[in-house]
Amino acid sequence: MSSDYEYSDDDGDYYDDEEMIDGTQDDEEGSGDEMMDNFGDDFKVAPKGKHKSYEVEYESLSQQAVENMMQQDVDHICGIFGVDEDTASLLLRHMKWNKERLIEKYMDKPTSVLVAAGVSLPEAPPPPPPGRTHTNAATQPNSRRPTTRGTSKLLGLASGPKSAKLPASSPTATYATPKPLQRQPSKKADDAFVCQICFNDAPNLQTLSLDCEHTYCTDCWTDYVVSKVRDESEHSIRCMAEGCALVAPDRFIREILLPEPGAPILDSKKGEQNAKTWIRFQELLVRYFVACYHSLKFCPYPSCTNTVSCPSAASKSSLTTIVPTVSCGARGIGSEIQDLTQSQQFGLGLHGKEHIFCFGCPIESDHRPVICNVAKMWLKKCRDDSETANWIKSNTKECPTCQSTIEKNGGCNHMTCKKCKHEFCWVCMGPWSEHGTAWYSCNRYDEKTGVEARDAQSKSRASLERYLHYYNRWANHEQSAKLSVDLYAKTEKKMEEMQITSALTWIEVQFMKKAVEEVEKCRTTLKWTYCMAYYLGRGNEKELFEDNQRDLEKAVEDLSELLESPIEPENIPTLRQGVTNKTVYVQKRNEIVLEDTAKGFLEGRWRWNVKVEGFDDPEEQL
C-alpha cells in the first residue's frame, strides 16, 4: 500500500491517533491545525496555497453523495420522458448513465429502447391475414400490446390477479406498488398453482410476478435475488423465466428483501441477511454508476464505500504528464472487518491507514513519481523476472548462437544446445570444433568466435545485472516500508520511555511518531524512483534525477539510524532536536524529488529507453 500518512486534500497537517477515522468521511476541518499548534515550533509547515505540481485536484465523495448524483439524473429523465423513477433508472443503466445518448435514442425509437432496457415486453406478432382461423386474443397470454412509457407510468409487475390488471387497451397505465399475491384455495384441482421452481403447491402460497406474468412463489424470488446480489454481484436482475428479458425494478427488489409492515415475519437470521442484501444491492448500483464515468473511481480499500472525483485524470492523454494520487477521505477499515484484532489489522496494513491510491491505474498505492504506464510495465516485469533472475544469473549461460539459456547438468564442458544443436565449450564459450580433443586446455580464448560469444553473453549478463541492481533496491525499500509496523511499535515504546525518564509530555514526544511517518512515506517514493531510473534513457536529466534520489536516500537512512538509536535520559533534548531537524530535511528532499519529476513530465523532459505510450520511440530520441 501507499504511504499511510499522506497529506489529505483538505489540509496539510498531520493526524493524531484519536483523529483516525475508521472507514468514514473526513468531515472535521481545522482539527489538524489545532493539533499542530500543540507541538510548539518543532513542525512549522507553511500554509497550503495552490496545489503543487505533483498534486492533482480531486474531490472525495461519500456513497450518499453519489446516490444524490444518481437521483439528479433520474429526476432529469423523469421530467423529460414523463416516466416514473424505476423506469428512468432502468433506462439510464441500460445506456450506462449517458443521459444525452438516452434522450437521443428514446426520442427516435422509444419502444425499442424500453424493450432493450428490460422495462417492457416486446411487441406482439402481427395478427394473421383475414380468411384464416385464429384464436381470440383474449385467450393468448402473450398477445398484449407493448407497454409504452411516453405518457404512462411503469406497468412493471403484478400487484393482483390477472383480472385486477388494467386492460390492454387502456391508454394510461398506472404503476402499482408490488405486493405479494395471496393465492386463494382453488375450487378445482386443476386450477391449483404450482411454483415452477420449487414445485410448491400449498393453497396459501404467496406469489409474485413482473409484467410478463411469469409467477413464482415469494421464497423462490427471495432466494433468487439474494443469490444474484450476494454471490454474483449482479445489479440487473431479470425475470427467472427462461428467455424472459424483463428487469425487476428497484421497488420490486426492495419489496422482496424488506417486506412492508404487517407482512409475515421472517426468520430473524434470514431477515438480517435480506437487509444486508439490500445494502449490497444499493452499493452495486453506486459502483456501476461510478464505473460508467471516467472522472469517478471507487475506493479500492476493503469495505470502503467512498468515491473520488478527479476530472483532470479522466483521459489517457493526461496520464502522460501527471500521477493522479488521490485519497477518498477515509481512514482505517470498514465496518465488516472492524472485529479483527489490532495485530491482524497491522498485518493487513490497514490500521489507521489513510485511503490513498492512484486514480489513473489499478495500482492500489501511491506510485509517485513514476507515471502509470511505466509503473505497470515495471510491476509486470518484476512478476515475470524477479523470481528466477538470481538463479539464472548464477547457474546458466546463453548459447553463443541462439542465446537460449542453458543449464549445465553434467561434469563435461562439451555443451550441445538442444535448440540449435550448436556445440561449444562451457568454459570459454568458443566453438567445440576448435578445441579438438584437448577441450580442457581452452587455449583459444583470443579467437574471434570465442570473443564474440563472450561479448554476446556479457551483454546478456549485463542486462540481467542492471535489472537486478534496480530490482533489489526497489524490493529493499518495499520491505523496509512493510517493516514500519515493527518500527511503529518500537517507537511507541521509546516515546513512553521518554515520558518516564524526562519531563516531556505525550504531545511533546510525538516528534518520534512524525519521523516514522515521514520515513515510511519517503521509502515509498524511493521505491518507485528505482522503477523510473530503470526505464529512463541516458543523459543529463537522468543524472540529475539520480542525484536527487541519492540525496533523499541518504537523508532517509540518516533519520532511520537516529530512530533506531538507544535512548539515554541525558541525551533526550539533543535527540529531539536532531530528529526534528532531520525530519524536516527529509520532507523537503522528498518534495524536491516529486516536484522536479512532475515538472519534467509537464515540460516533456523525460526520455525512456523503451517504448512508452504517449512518448517518442527510443530510436527517435536525440
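**Reading a predicted model, step by step**

Analyst: Let's start with the outside. The protein chain has an accessible surface of about 32800 Å², and 50% of that belongs to carbon and sulfur atoms. Keep in mind that this is a predicted model.

User: Okay. How many helices and strands does the protein chain have?

Analyst: The secondary structure comes to 15 helices and 13 strands.

User: And what share of the residues counts as buried?

Analyst: Of the 622 residues in the protein chain, 45% do. You can also ask how far apart along the chain the touching residues are. Among contacts with a separation of 6 or more, 62% are between residues 24 or more positions apart.

User: Let's try single residues. Is Leu575 buried or exposed?

Analyst: The idea is to take the relative accessible area and compare it with a cut-off: under 20% is buried, and over 50% is exposed. Leu575 has 12% relative accessibility, so it counts as buried. You'll find Leu575 in helix α15, which covers residues 572-603.

User: Which residues does Leu575 touch, apart from those up to four places away in sequence?

Analyst: Leu575 touches Met498, Phe511, Leu562, Ser565 and Ile567. Take Ser565 as an example: Leu575 and Ser565 are 10 residues apart in sequence, and their C-alpha atoms are 9.3 Å apart in space.

User: Now Glu57. Is that residue buried or exposed?

Analyst: Glu57 counts as exposed because its relative accessibility is 52%, and the cut-off for exposed is over 50%. Glu57 sits in the loop between α1 (31-37) and β1 (59-61).

User: What is Glu57 in contact with, leaving aside neighbours within four places in sequence?

Analyst: With His51, Cys310 and Ser312. Here's a case where sequence and space tell you separate things: Glu57 and Ser309 are 252 residues apart along the chain, while their C-alpha atoms are separated by 8.9 Å.

User: Where does Ser318 lie?

Analyst: In the loop between β7 (307-309) and β8 (325-331). Ser318 has a relative accessible area of 12%, so this serine is buried. Leaving aside neighbours within four places in sequence, Ser318 is in contact with Ser312 and Ala313. The side chain of Ser318 reaches the backbone oxygen of Ser312 at 3.3 Å. For a long jump along the chain, look at Gly614: Ser318 and Gly614 are 296 residues apart in sequence and 9.5 Å apart in space, C-alpha to C-alpha.

User: What about backbone angles? Which value does phi of Lys96 have?

Analyst: Phi of Lys96 is near 55°, a positive value in a residue other than glycine. Lys96 is in the loop between α3 (85-94) and α4 (99-108), and with a relative accessible area of 56% it is exposed. Ser233 also isn't a glycine, and its phi is positive at about 50°. That residue lies in the loop between α6 (218-231) and α7 (250-257). At 36% relative accessibility, Ser233 counts as partly exposed.

User: Which residues does a cis peptide bond join?

Analyst: Look at omega, the angle around the peptide bond. Here a cis bond joins Arg368 and Pro369, with omega about 15°. Pro369 is in the loop between β9 and α10.

User: Where is His367?

Analyst: His367 is in the loop between β9 (354-358) and α10 (372-395). With 0% relative accessibility, His367 counts as buried. A polar atom of the His367 side chain lies 2.8 Å from the backbone oxygen of Val370. Setting aside neighbours within four places in sequence, His367 is in contact with Val323, Cys358, Cys361, Cys372, Ala375 and Trp528.

User: Last topic: empty space. How many cavities of 30 Å³ or more are there?

Analyst: Rolling a probe the size of a water molecule over the atoms shows where empty space is left. In this model the count comes to 3 cavities of 30 Å³ or more. The second largest cavity holds about 100 Å³ of space.

User: What lines the second largest cavity?

Analyst: Its lining has 13 residues, and Ser53, Tyr54, Ile322, Val323 and Ala598 lie nearest the centre. By class, the lining of the second largest cavity has 8 nonpolar, 3 polar and 2 charged residues. You've met one of these residues already: Val323 lines this cavity, and Val323 is also among the contacts of His367.

How values were computed. Residues are numbered from 1 along each chain as its sequence is written. This is a predicted model: local features need pLDDT of at least 70, side-chain atom pairs count only at pLDDT 80 or more; totals for chains, interfaces and linings use all residues. Side-chain values use heavy atoms; hydrogens and water are left out. On a 1 Å grid over the protein atoms alone, a cavity is a set of points where a 1.4 Å probe fits but cannot get out, and a pocket is an open set with protein on both sides within 12 Å along at least five of seven lines; lining residues have an atom within 4 Å of a point. Grid points are joined across faces, edges and corners, and a volume is the space filled by probe spheres set on the points. Ala, Val, Leu, Ile, Met, Phe, Trp, Tyr, Cys and Pro count as nonpolar, Asp, Glu, Lys and Arg as charged, and the others, Gly among them, as polar. Helices (H or I, at least four residues) and strands (E, at least two) are DSSP runs, numbered from the N terminus. Buried means under 20% relative accessible area, exposed over 50%, partly exposed in between (1.4 Å probe, protein chains only). A polar contact is a pair of N or O atoms within 3.5 Å; within protein, one must be able to donate a hydrogen and the other to accept it, and residues adjacent in sequence count only if both atoms are side-chain atoms. Contact means heavy atoms within 4.5 Å. Accessible areas come from the Shrake-Rupley method with a 1.4 Å probe; for residues, only the protein chains shown count as cover.
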